[in-house]
Amino acid sequence: MPSEPIQKLLIMQEKDRVRMDLEAQLESIPREIEANRKKIAEEQEKARLSREARHKLEARRKALEGELEELGRKLVRYKNQQLEVKKNEEYQALDHEIEDVKAQISRLEDEEIQVLMDIDEQKAAEEEAEAECREKTDVLEGRMAKLEERAARCRDELEEAVRRYDEAREPVGEPWLGTYERLRKHVRFP
């Protein structure tokens, strides 16, 4: 059986270990909370990028509509000019221009259809990203709330552990305390 000073040191060491463990836990909680905040920001960024992609597609659709309107006016203008020309070469040149405009209109209409389909797909992806963001954010915010609760408990427990450690130090004599403190600086207690 260890001598009385050694027993007192062992008791003090145990109290000190509990105190250090609580300090380490309390120190790690802000990092965990910050990591959760970063994950929330990442999820929100994914949702924002999804919305932005849809907005770009909608802007492209509006641009295509504008181009189609302009080509439609051009087509009407060429057809009206064609009715007024008297020479066969001019008529054929306008006919060629009309066919080019019709081909451009057809190409733009095909592109517009593709953009509309892309918008529908992007809306679905955006809804999924938003739902995933809400779900993950709720989970992460729940974790952060639990971490805050754990931090409050750790602070309370740490106060008690410090009090118990201080009480356990009192009966230990000064030469033993000095040796203990030197050892503690160089050795991590289990």
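This tour proceeds through the structure by selection, from the two helices to individual side chains. The model is predicted.

**The two helices and their core**

Begin by selecting residues 4–84, which form helix 1, and then residues 88–169, which form helix 2. Next, display the largest nonpolar core, a set of 13 residues. Those with the most contacts inside the core are L71, L75, Y78, V101, I105 and L108. Helix 1 and helix 2 each supply at least two of the core residues. The largest share, seven residues, comes from helix 2.

Within this core, centre the view on L71. Leaving out residues up to four places away in sequence, L71 touches V101, Q104, I105 and L108.

**E43 and C133**

Now move along helix 1 to E43, which lies in that helix. Is E43 buried or exposed? The relative accessible area of E43 is 8%, and because buried means under 20%, E43 is classed as buried. To see the surroundings of E43, select E132, C133 and K136; E43 touches these residues when those up to four places away in sequence are not counted.

C133, one of these contacts of E43, deserves a selection of its own. C133 likewise counts as buried, at 8% relative accessibility.

**The cysteines**

Proceed from C133 to C154, which is buried with a relative accessible area of 3%. How many disulfides does a search of the whole structure find? The search finds zero.

**R150**

Select R150 next, a residue of helix 2. R150 has a relative accessible area of 25%, and is therefore partly exposed. Apart from neighbours within four places in sequence, the residues in contact with R150 are Q25, S28, I29 and E32. For a sense of scale, add A59 to the selection: A59 and R150 are 91 residues apart along the chain, and their C-alpha atoms are separated by 48 Å.

**R19 and the aromatic residues**

Finally, select R19 together with Y165. Where does R19 lie in relation to Y165? R19 lies over the face of the Y165 ring, at 5.0 Å from the ring centre.

A last inspection concerns pairs of aromatic rings. Such a pair is described by the distance of the centres and the angle of the planes. With centres required to lie within 6.5 Å, the count of aromatic pairs in this model comes to zero.

Terms used
Residues are numbered from 1 along each chain as its sequence is written. This is a predicted model: local features need pLDDT of at least 70, side-chain atom pairs count only at pLDDT 80 or more; totals for chains, interfaces and linings use all residues. Side-chain values use heavy atoms; hydrogens and water are left out. A nonpolar core is a set of buried Ala, Val, Leu, Ile, Met, Phe, Trp, Tyr and Cys residues joined through side-chain atoms within 4.5 Å. Buried means under 20% relative accessible area, exposed over 50%, partly exposed in between (1.4 Å probe, protein chains only). Helices (H or I, at least four residues) and strands (E, at least two) are DSSP runs, numbered from the N terminus. Contact means heavy atoms within 4.5 Å. Rings of Phe, Tyr and Trp (its six-membered ring) pair if their centres lie within 6.5 Å; planes under 30 degrees apart count as stacked, over 60 as edge-to-face and the rest as tilted. A charge sits over a ring if NZ of Lys or CZ of Arg is within 6 Å of the ring centre and within 35 degrees of the ring normal. A disulfide is a pair of cysteine sulfur atoms within 2.5 Å.
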